[in-house]
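Visitor: Could you take me through one part of this model up close? I'd like to hear about the charged side chains, and which of them pair up and which don't.

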Amino acid sequence: GHAAFMGVGAYAASHLTGPLAPLGILLGGGIAAFLGLLLGLPSLRIKGVYLAIATLAFQFLADYVFKTWEAVTGGIRGRTLPPPDTPEKLWYLVLLFALPLFFYGKRLLMTRAGRAFRAVRDNDLSARVAGVDLTRTKLLAFALSAFYAGVAGGLLAGLYKAVTPEYFPLSVSIQYLAMVIVGGAGTVLGAVLGAFFVLLIPEVLNSFVGALGPE
């Protein structure tokens with residue numbers, strides 16, 4: 001259901017644009033993190049396919065809210081954002097968030113919290129016996145993951161110059177999951193490489209086919 005968290009971040013960021021755009025992106029990440037914390041509560045009792053179903057339910061709930069809460073989201077028509085002064089400004093805005101979050105993610109995996117994440121992922125019962133606080137670790141994982149998605153959604157809003165529900169369907173969540181699997185789950189760099197592969201390979205192939213001409 002990560003597309004839903006991105007949608008939350010995008011809609012929140014759409015209310016603070018221009019010089020306040022960085023603040024709006026952080027606000028979107030914070031709201032998404034809070035919702036991720038709430039969504040993480042079922043993970044304390046369920047896991048596996050049942051937890052996946054719970055996150056899918058949030059995806060459909062968020063889509064309904066995006067389409068009906070017109071005062072905040074603009075409904076089906078969505079919200080339009082003023083374009084940045086130059087594409088370069090948007091590029092630097094993306095780097096302002098992407099680089100620190102990338103290196104923070106890599107550093108996090110080497111800390112006590114990162115080791116706790118891996119322990120719970122591999123075997124939560126063994127992690128509990130080893131002294132890992134399962135409640136804190138699971139909720140932190142959900143909140144942090146949703147924060148990253150919310151920030152990404154705010155950045156995408158600046159790229160699209162509009163925010164509509166059709167930008168964040170279930171298929172987008174599946175695409176993001178594919179990126180992680182292709183790049184290698186459990187590594188930050190793997191997620192980046194997976195995104196490059198899933199998004200850029202089709203573009204490269206299209207350019208190659210176009211260069212061959214109509215024949």
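**Charged side chains, paired and unpaired**

Guide: Read from start to end, the protein chain runs α-α-α-α-β-α-α-α-α-β-α-α. That makes 10 helices and 2 strands. Bear in mind that this is a predicted model. With a radius of gyration of 19 Å, close to the 17 Å that the globule rule gives for 215 residues, the protein chain is as compact as a globular protein of that length. Buried residues account for 34% of those 215 residues.

Now for the charges. Side chains of opposite charge can pair when their charged atoms come close. Here you'll find 3 salt bridges.

Let's start in helix H3 (residues 49-68), home to both lysine 67 and aspartate 63. Their side chains meet in a salt bridge, 3.2 Å from N to O. The two sit 4 residues apart, about one turn of the helix. Lysine 67 has a relative accessible area of 38%, so it counts as partly exposed. Aspartate 63 is partly exposed too, because its relative accessibility is 21% and the buried class means under 20%.

Next, look at arginine 121 and aspartate 122, whose side chains form a salt bridge at 3.1 Å, N to O. Both arginine 121 and aspartate 122 are exposed.

The remaining pair is aspartate 124 with lysine 138, where the closest N and O atoms are 3.8 Å apart. This salt bridge links distant parts of the chain: aspartate 124 belongs to helix H7 (residues 124-129) and lysine 138 to helix H8, with their positions 14 residues apart. Aspartate 124 and lysine 138 are both buried.

What about the unpaired charges? Arg112, Arg115, Arg118 and Arg136 make up a positive patch on the surface. Patch members have no salt bridge and over 30% relative accessible area. Helix H6 (residues 112-122) supplies the largest share of this patch, 3 residues. Arginine 136 sits in helix H8 (residues 134-160), the helix that also carries lysine 138. At a relative accessible area of 55%, arginine 136 counts as exposed, because the exposed class starts at over 50%.

For contrast, there's a nonpolar patch on the surface as well, formed by Leu189, Val192, Leu193, Phe196, Leu199, Leu200 and Val204, with about 610 Å² of accessible area together. Valine 204, one of its members, lies in helix H10 (residues 188-211) and is exposed, with a relative accessible area of 51%.

How values were computed. Residues numbered from 1 in each chain as written. Predicted model: local features only at pLDDT ≥ 70, side-chain atom pairs only at ≥ 80, totals over all residues. Heavy atoms only, no water. Patch = residues over 30% accessible without salt bridge, like charges linked within 9 Å, V, L, I, M, F, W, Y side chains within 5 Å. Areas by Shrake-Rupley, 256 points an atom, 1.4 Å probe, with all protein chains shown as cover. Salt bridge = Lys/Arg side-chain N within 4 Å of Asp/Glu carboxyl O. Lys, Arg positive; Asp, Glu negative; His and termini not counted. Charge placed at Lys NZ, Arg CZ, Asp CG, Glu CD. Buried < 20%, exposed > 50% of the residue type's maximum accessible area, 1.4 Å probe, protein only. Rg over C-alpha atoms; globule rule 2.2 N^0.38 Å.
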